Amino acid sequence: MRAQGSEPGLPECLEEVTAAWLGAALGSTHPGTEVVDVAASEVIHGSLTKVGLDVTYAANPAGLAENLYLKAAFEDHGIPVSVRSEALFYDVARPVVDVVAPACVHAAHDDEHGVVLMENLLTSGATMSDPTR
């Protein structure tokens with residue numbers, strides 16, 4: 001999922017999920033992708049922060065969706081290792097394992113944290129659990 005040497009840093013909070021960061025992240029796995037705007041459409045707080053992202057592209061040669069889903073551990077009570085494990089799955093295992101899983105457009109991790117950008121299943125009628133409900 002990652003282009004070696006061209007990976008942007010991992011965002012540490014939702015405010016760092018900017019058009020520049022998203023463009024760099026998507027561009028590292030989908031060359032030529034340019035993002036001009038990104039807005040959070042829904043935020044679910046829990047052990048992982050789950051965010052619907054509405055994306056406006058200047059260039060989108062891969063035909064990526066305009067609505068993506070971000071998973072990260074932005075909460076003070078978050079569990080960074082869980083999203084790191086998910087990022088590792090999409091980065092290493094998913095390309096070689098035949099398993100049904102949401103389409104991932106970018107997965108990145110460091111020694112402690114991770115971030116996953118995937119298709120937004122909410123747009124097709126799926127629901128995500130919300131620990132506050």
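## Contacts of Glu 86

Contact here means heavy atoms within 4.5 Å. In this predicted model, Glu 86 is in contact with Leu 48, Lys 71, Val 116 and Met 118, leaving aside its neighbours within four places in sequence. Glu 86 is found in helix α2, which covers residues 80-93. With a relative accessibility of 17%, Glu 86 counts as buried, because buried means under 20% relative accessible area.

## Overall layout

The chain holds two helices and five strands. Read from the N terminus, these elements follow the order α-β-β-β-α-β-β. The radius of gyration is 14 Å, close to the 14 Å that the globule rule gives for 133 residues, so the chain is as compact as a globular protein of that length. The C-alpha trace spans about 40 × 30 × 30 Å along its principal axes.

Of the 133 residues, 41% count as buried. Among the contacts in the chain with a separation of 6 or more, 54% are accounted for by residues 24 or more positions apart.

## Surface and charge

The accessible surface of the chain comes to about 6900 Å². Carbon and sulfur atoms contribute 52% of that surface.

The chain carries 6 positive and 19 negative side chains. The centres of these two sets lie 8 Å apart.

## Helix α1

Helix α1 spans residues 19-29 and is mostly covered, with eight of its eleven residues buried. The buried residues are Ala 19, Trp 21, Leu 22, Gly 23, Ala 25, Leu 26, Ser 28 and Thr 29.

The buried residues of α1 pack against five strands: β1, β2 (49-59), β3 (67-72), β4 (104-109) and β5 (114-119). An α-helix has 3.6 residues a turn, so residues three or four places apart point the same way.

## Val 35 and strand β1

Strand β1 covers residues 34-44, and Val 35 is found in this strand. Val 35 has a relative accessible area of 12% and is therefore buried.

Not counting residues up to four places away in sequence, Val 35 touches Ala 19, Leu 22, Gly 23, Leu 26, Val 55, Thr 56 and Tyr 57. Among these, Ala 19, Leu 22, Gly 23 and Leu 26 are buried residues of α1. The C-alpha atoms of Val 35 and Ala 19 are 5.4 Å apart in space, while the two residues are 16 residues apart in sequence.

## The loop at His 30

The loop between α1 and β1 contains His 30. Is His 30 buried or exposed? The relative accessibility of His 30 is 18%, so this loop residue counts as buried.

Which residues does His 30 touch, not counting those up to four places away in sequence? They are Ala 62, Leu 64 and Val 105. Of the strands, β4 covers residues 104-109, and this range includes Val 105, one of the residues that His 30 touches.

## An aromatic pair

How many aromatic pairs does the count come to? The count comes to one aromatic pair. The pair consists of Phe 89 and Tyr 90, whose ring centres are 5.0 Å apart and whose planes stand at 75°, so the pair is edge-to-face.

Helix α2, at residues 80-93, spans the positions of both rings. The two residues are covered to differing extents: Phe 89 is partly exposed, with a relative accessible area of 29%, whereas Tyr 90 is buried, with a relative accessible area of 4%.

Conventions
Residues numbered from 1 in each chain as written. Predicted model: local features only at pLDDT ≥ 70, side-chain atom pairs only at ≥ 80, totals over all residues. Heavy atoms only, no water. Helix = DSSP H or I, 4+ residues; strand = E, 2+ residues; numbered from the N terminus. Buried < 20%, exposed > 50% of the residue type's maximum accessible area, 1.4 Å probe, protein only. Phe/Tyr/Trp six-rings, centres within 6.5 Å; stacked < 30°, edge-to-face > 60°. Rg over C-alpha atoms; globule rule 2.2 N^0.38 Å. Areas by Shrake-Rupley, 256 points an atom, 1.4 Å probe, with all protein chains shown as cover. Lys, Arg positive; Asp, Glu negative; His and termini not counted. Charge placed at Lys NZ, Arg CZ, Asp CG, Glu CD.
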